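Grab a coffee and open the viewer. Below are a few short exercises, each with a worked solution.

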Amino acid sequence: MDRFLMDEDGIYYALDLGATTCRVLRIQLGGRGSKIINHKVEQHQIPQELTSSTSEEFFDFISLTLKEFVEREENGINQVPDERKELGFTFSFPVRQLSISSGVLIKWTKGFAIEDVVGKDVSQCLEEAMSRNGLNMHVGALVNDTVGTLALGHYYDKDTVAAVIIGTGTNACYVERSDALIKSQGLLTNSGGMVVNMEWGNFLSAHLPKTSYDIALDDESPNRNEQGFEKMISGMYLGEIARRVLHRIAEESDIFGESAYHLSVPFILRTPLMAAMHEDDSPHLREVGRILEEQFQMPGISLKARMLVVRVCDIVSRRAARLTAAGIIGMLKKIGRDGISDVASGRTKGKPKRSVVAIERGLYTNYSMFREYTNEAITDILGEELAQNVVLRVAEDGSGIGAALLAATYSSKR
């Protein structure tokens, strides 16, 4: 991250591959400290059939999507003929990183099953597809979404030491001293630091306060005993946890009357709907009533029952936010940036270091109560004085823009 010199200039692209969409991005850098002049982002749905197709079919689709975006963006702009463009590739699946710009796919997750990609360098697969489709572009950086978000955060603020993705899924990364990592011993880095991708969604511990609802959700999931932390805090699962609680209430009481059948349908309550009910400030919770009637065929629900629904949403989201905050403080504690470590060891005579955590994706950015509870928990854990030195900062489109920045940085050093 310390390689950002703020003098990169020109136009760079990024391809951000997600579970159901791919985002294509273009950024323009001005050089000489002017940072990012402008950026453009487009999001495209990945056809479901391509997630179990072949390597050629899949990478042809995303390379053609990228090519069409480039052609639209560069229409009428003077370009050097046949000039090779640099691309940051955000690929958030398990890979064995071979270099800054290459990595071998270990296995697919998120419902993908393109078997002939496993064991191959995904950057090479993409470059071959771009070549087949007449796009002169080179993968300058291969990263996952957390590292891209960390890069964008660090680009704007050198005190950025960690990044968190908290949306449909969740993950985190942080900057660690190279000599503190057993795996990196013998590897040289210019900065003395290395980015650690935690894959914290798969964190499991006997200390995690699981409920019967968490256990049942995991038992009935296709990836049982995996992604335990993710199932307690991410947008994929919060609505489902709330639904399970409400369904049990409906079974054991008559507060919802005879119209609670649809509460038995798994994943019918999506987290955006849960957030909308939780944050309803209309008189008599009319929005909660509307959602229950239109989405769950539960008309005429009493105000008392609506208040109960809001309370359940509040408890589920607050727990998730506090667990997220605990994970963030755990990262900062590991690298001695929580303030408490400095005070306890006597390493600081003055004010603890300021630590910025870059955050991306909708659960934190769009769900205001979740965001409020996360910030509240940081203060509860650290205390008001030390919490002032921890800044949670949204890095919009960070996973893609950060990848483009890294491509720009490393291409300029060749």
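**Exercise 1: one helix and its neighbours**

Keep in mind that this is a predicted model. Task: work out what covers the buried residues of helix 8, and which residues those are.

Solution. Start with the cover: it includes helix 7 (271-278) and helix 9 (303-334). Now go through helix 8 itself, residues 286-296: V288, G289, I291, L292 and F296 are buried. Look down the axis of helix 8 and these buried residues fall within an arc of 165 degrees, so they line one face of the helix. That fits a general rule: an α-helix has 3.6 residues a turn, so residues three or four places apart point the same way. Last, step off the end of helix 8 to Q297, where phi is positive, near 50 degrees.

**Exercise 2: rings that meet**

Task: of the 15 aromatic pairs in the structure, take F58 and F112 and classify their geometry.

Solution. The ring centres of F58 and F112 are 5.7 Å apart, with 85 degrees between the planes. Planes over 60 degrees apart count as edge-to-face, so F58 and F112 are an edge-to-face pair. Next, place them: F58 belongs to helix 1 (residues 55-74), while F112 is in the loop between strand 6 (102-105) and helix 2 (122-132), so the pair ties together parts that are 54 residues apart in sequence. Both F58 and F112 are buried.

F112 also pairs with W108, this time stacked, at 5.1 Å centre to centre and 15 degrees between the planes. W108 is buried too. Zoom out, and ring pairs link F58, F59, F89, F91, F93, W108 and F112 into a cluster.

**Exercise 3: a charge and a ring**

Task: find what sits over the ring of Y373.

Solution. Check R318: its charged end sits over that ring, 5.5 Å from the centre.

Key: Residues numbered from 1 in each chain as written. Predicted model: local features only at pLDDT ≥ 70, side-chain atom pairs only at ≥ 80, totals over all residues. Heavy atoms only, no water. Buried < 20%, exposed > 50% of the residue type's maximum accessible area, 1.4 Å probe, protein only. Helix = DSSP H or I, 4+ residues; strand = E, 2+ residues; numbered from the N terminus. Arc of directions from axis to C-beta. Contact = heavy atoms within 4.5 Å. Phe/Tyr/Trp six-rings, centres within 6.5 Å; stacked < 30°, edge-to-face > 60°. Lys NZ or Arg CZ within 6 Å of the ring centre and 35° of its normal.
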